[in-house]
Amino acid sequence: MTTTMTTPATFMVENCAMPFCKGCGHSHVLRKLNDALTKLQIPPSKVNLVTDIGCIGLADAMFETPHTVHTTHGRSTAFATGIELADSVLSDSKLKTIVLIGDGGAMIGLLHLVNAALLNADVTVLLCNNFLFGMTGGQHSAFSPLEFITPTTPDGNIIPPIDMCRVMMDARAEYVARKLATDKDLGEVIAEAIQHPGFAMVEIVELCTEHATGKNELTGNEIRNVIEEQGQEFGILSSATSRAEFGVLYADKNPRDQAYASEKGDDGIIPQYQSTLKQQVGIVIAGSAGERVQSAAKKLCEAAVVSNLHCTQKNDNPVTQGSGFSLSEVIISPNEIFYTGIETPDAVIVVSEDGMNELHEKHLLDRLTKSTVLILDSSLMKPHTEANIIEYPFRKEFGGAKAAMKAIEFYVKQSEVFPVEALAPVT
Ligand code: SF4
Ligand SMILES: [Mg+2]
């Protein structure tokens, strides 16, 4: 599908206040990242920022237009690699996936970095190294220089710091750089790393003004010396292109997949119907686990795609999988969907008591308006709501396992979001 969003003058929230302590290097990094993205003119829908836990993880809120994914501590590179592999295998491989991770997270998730480098996944890692765990109180990390004083090394660090650039090059990363956050050309180096076809890492050395400066008498001017004295270099340390990125290698090995993708379009499904839908609709489908609620929602999505529409599906169920509620949130739209959440649903379909209880639990029914259609199985008690309630005995007529699918069919007929025939191959 064609991207309709134009490239903005800035990717950041306009006039946003940086949430970091005064003098923190993270502010420089984010501004330079914004410069790089703006310079490269990548459509925001093709930029995905994956952030880690730590102060740098606050970056999500600073960026308004690209996709952002906030992940668990140390795992951002693993999430980014998964996203990138899915993009290169299942889609057009045009997504630029950028990781923002601190030195603490990079050590926790070291193997994820090594693995991404070995795969040569087209991921750019911006590793913000301020020598310590800033968000949790300034504890030392594997990047702390010798004699560095922190709450966990009060007499000075006695363990030599890791040289992450060297580790990455040993893992066959081809674009590796080390820069200071205050370097004037940092934006250009970030842009180069993003453009590099394959894995790229830029270690950005910076100062945590809250924890690193007092006891260590460290200033911004001295951090270059600290790095060089421990035998580590600055600059672009590698910028080779001798290895093809994972997506290219995969395509070579799996020509049938590629032929399939080009024959069927980038979604792998040929549109056969036209919809007159003018704006996006959000549909919540709630029922019981084991009664094919999420499978029915998937079929609704497939039928929407067959009708030339965009679609997203989010599922929810208890960890027990086979008992309790089962829920799907589906968005159908004539335009690209940039946010997959549903604040106020246009339609809610409830086919069992478990589903109804969960909607009460989530207070979702309180958010319905007069324009919401609430399709209820006749066996359920009507909730107090402004929504337009329609009842039908789906369970009695079709049984529990088919109730969700039949209720969806009922909704499609009633709403005319797309021709009901689009469901025919899938019901
Ligand atoms: S604690 Fe350190 S890393 Fe965190 S915002 Fe403050 S200066 Fe920056
Ligand atoms: Mg840190």
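Angles between a helix and a strand run from 0 to 180 degrees and compare their N-to-C directions, along lines fitted to C-alpha atoms. Keep that in mind for the views below, which come from a predicted model.

**Figure 1. Helix H2 lies across four strands.** Helix H2, residues 76–90, lies across E1, E2, E3 and E4. The helix runs at about 175° to strand E3, which covers residues 96–102.

**Figure 2. The whole protein chain, before we zoom in.** The secondary structure of the protein chain comes to 13 helices and 15 strands. Along its principal axes, the C-alpha trace spans about 75 × 45 × 40 Å. The chain is divided into domain 1, residues 25–249, and domain 2, residues 281–423. Taken over C-alpha atoms, the centres of domain 1 and domain 2 are separated by 41 Å. Of the 427 residues in the protein chain, 45% are buried. How many of the contacts between residues at least 6 apart in sequence join residues at least 24 apart? The share is 69%.

**Figure 3. An open sheet of seven strands.** Follow the strands across the sheet and you meet them in the order E2-E1-E3-E4-E8-E7-E9, with mixed pairing. Which strands are at the edges? They are E2 (67–70) and E9 (235–239), and each pairs on one side only. Neighbouring strands of this sheet are turned by 15° against each other on average, ignoring direction.

**Figure 4. Strands E4 and E8 side by side, with helix H1.** Strand E4 (residues 123–129) pairs with strand E8 (residues 200–205) in the parallel sense, over six bridges. To find one of the bridges, look for threonine 124, whose partner in E8 is alanine 200. Helix H1, residues 25–40, packs on the sheet and touches strand E1 (47–51), E4 and E8. The direction of H1 makes about 155° with that of E4. As a general reminder, strands of a sheet pair through backbone hydrogen bonds, either parallel or antiparallel.

**Figure 5. The largest nonpolar core, with leucine 127 in focus.** In soluble globular proteins, nonpolar side chains tend to be buried together. Here the largest nonpolar core holds 69 residues, and Leu126, Leu127, Ile190 and Val202 touch the most other members. Which helix gives the most to this core? It is helix H6 (residues 186–195), with six residues. Leaving out residues up to four places away in sequence, leucine 127 touches Ile101, Asp103, Ala106, Met164, Met201, Val202, Glu203 and Ile204. Another core lies apart from this one and has 48 residues, among them Val284, Ala286, Leu300 and Phe325.

**Figure 6. A second open sheet, this time of six strands.** The order across this sheet is E11-E12-E10-E13-E14-E15, and the pairing is mixed. The edge strands are E11 (310–316) and E15 (388–392), each pairing on one side only. On average, neighbouring strands of this sheet are turned by 15° against each other, direction ignored. Strands E14 and E15 pair in the parallel sense over five bridges. Tyrosine 392 in E15 is the bridge partner of aspartate 377.

**Figure 7. Strand E13, covered on both faces.** In a regular strand the side chains alternate between the two faces of the sheet. Strand E13 (residues 347–350) has Ala347 and Ile349 on one side and Val348 and Val350 on the other, and all of them are buried. Four bridges join E13 to strand E10 (residues 281–288), and the two run parallel. Isoleucine 285 stands opposite isoleucine 349 in E13. E13 also pairs with strand E14 (residues 373–377), again in the parallel sense and over four bridges. Across that pairing, alanine 347 stands opposite valine 373 in E14. The chain passes from E13 through helix H11 (residues 353–361) to E14, making a right-handed β-α-β crossover. H11 lies across E10, strand E12 (325–333) and E13, and runs at about 125° to E10.

**Figure 8. Proline 154 in a loop.** Look for proline 154 between strand E6 (139–140) and helix H5 (164–170). Is proline 154 buried or exposed? Proline 154 has 9 other C-beta atoms within 10 Å, and a residue with 12 or fewer counts as exposed, so proline 154 is exposed. Proline 154 and lysine 215 are 61 residues apart along the chain, while their C-alpha atoms are separated by 9.3 Å.

Conventions:
Residues numbered from 1 in each chain as written. Chains lettered and ligands numbered in written order. Predicted model: local features only at pLDDT ≥ 70, side-chain atom pairs only at ≥ 80, totals over all residues. Buried ≥ 20, exposed ≤ 12 C-beta atoms within 10 Å, placed from the backbone. Contact = placed C-beta atoms within 7 Å. Pairing = 2+ DSSP bridges. Right-handed = clockwise from strand over helix to strand, strands pointing away. Domains from an automatic or database assignment. Core = buried A, V, L, I, M, F, W, Y, C linked by C-beta atoms within 7 Å.
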